[in-house]
Every structure is written in structure tokens, then in C-alpha cells.
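Work through the exercises below with the sequence and the 3D view at hand. Try each task before reading its solution.

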Amino acid sequence: MTTHEYQIVARCTDPSHPGASTLIYTTHAASIQEATAKVKKLRIDKMTPGLYRITQVTEREPECTCAEPGFGGKCAGEPWCAKVEASAAANPVPE
């Protein structure tokens, strides 16, 4: 079974929460559904219920050479990372 690398973006649903407003995870999976389920099971489900909600799942494109994709820093200027940053910024969590 072929796996692909996916980036999962989760946003905090409580603006008054003192933690990170956005969490980003990278995982390998055969599908978007599998990637989402893996991150939920291993990360999101272990947090306060309902505090973070997955808002975006993106398949990593081959031109991104970042070892650890994320906002700014190591990935500044990479095509994939820039698209994810722009999309995440443009899609705030609905109230």
C-alpha cells in the first residue's frame, strides 16, 4: 500500500485558551481519512475534549524539501509550506 505524507492543521476552538492557537502535525498514511484518524487518535484525542479541531489536511507536494514542515522558520520560501501558511491564515475557526 502506498503512503503519502500529510500535514494536519488543528485550531483551538477557545480563543481564551492560553496554549497554541494552531497545531501542525505531519504523518504518513494511505489516505486523508487515515491521516486524520491517526492524528486524532495519537494527539487530538489526548487533549481536553473539543479544545482543538482539525481544520485542514494537505498532502505534501514533492517540491517541498523541508524535513519538518511548519509555519515560517525552516520552511520559509518552500512552495508547499507557503501554501499551507496562506490557507491556514485565510481559514479561521468558525465561532
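**Exercise 1: The sheet**

Task: Find the order of the strands in the open sheet and say how they pair.

Solution. Step 1: the open sheet has 3 strands in the order β2-β1-β3, and the pairing is antiparallel. Two strands pair if DSSP finds at least two bridges between them. Strands (E, at least two residues) and helices (H or I, at least four) are DSSP runs, numbered from the N terminus.

Step 2: β2 and β3 are the edge strands, since each of them pairs on one side only.

Step 3: from one strand to the next, the twist averages 25 degrees. Axes are lines fitted to C-alpha atoms, for helices over the stretch in contact, and angles run from 0 to 180 degrees between N-to-C directions.

Step 4: β1 and β2 pair in the antiparallel sense over 8 bridges. Gln7 has Thr26 in β2 as its bridge partner.

A note on the source: this is a predicted model, where local features need pLDDT of at least 70 and side-chain atom pairs count only at pLDDT 80 or more, while totals for chains, interfaces and linings use all residues. Residues are numbered from 1 along each chain as its sequence is written, and side-chain values use heavy atoms, with hydrogens and water left out.

**Exercise 2: The helix on the sheet**

Task: List the elements of the protein chain from the N terminus on, then place α1 against the strands.

Solution. Step 1: the protein chain has 2 helices and 3 strands, which run β-β-α-β-α.

Step 2: α1 lies across β1, β2 and β3, and runs at about 125 degrees to β2.

**Exercise 3: The core**

Task: Which elements each supply at least two residues of the largest nonpolar core?

Solution. Step 1: a nonpolar core is a set of buried Ala, Val, Leu, Ile, Met, Phe, Trp, Tyr and Cys residues joined through side-chain atoms within 4.5 Å. Buried means under 20% relative accessible area, exposed over 50%, and partly exposed in between (1.4 Å probe, protein chains only).

Step 2: the largest such core has 13 residues, and those with the most contacts inside it include Ile8, Ala10 and Tyr25. At least two core residues come from each of β1 (4–12), β2 (22–29), α1 (32–42) and β3 (52–59). β1 gives the largest share, 4 residues.

Step 3: take Ala10. Beyond its neighbours within four places in sequence, Ala10 is in contact (heavy atoms within 4.5 Å) with residues including Leu23, Ile44, Tyr52 and Ile54.

**Exercise 4: Three residues**

Task: Is Thr27 buried or exposed? Do the same for Lys40 and Gln56.

Solution. Step 1: Thr27 is in strand β2. Thr27 counts as buried because its relative accessibility is 12%. The side chains of Thr27 and Lys38 are joined by a polar contact of 3.3 Å. A polar contact is a pair of N or O atoms within 3.5 Å; within protein, one must be able to donate a hydrogen and the other to accept it, and residues adjacent in sequence count only if both atoms are side-chain atoms.

Step 2: Lys40, in helix α1, has a relative accessible area of 40%, so Lys40 is partly exposed. Lys40 and Ile54 are 14 residues apart in sequence, with 8.3 Å between their C-alpha atoms.

Step 3: Gln56, in strand β3, is buried because its relative accessible area is 15%. The C-alpha atoms of Gln56 and Val9 are 5.1 Å apart, although 47 residues separate them along the chain.
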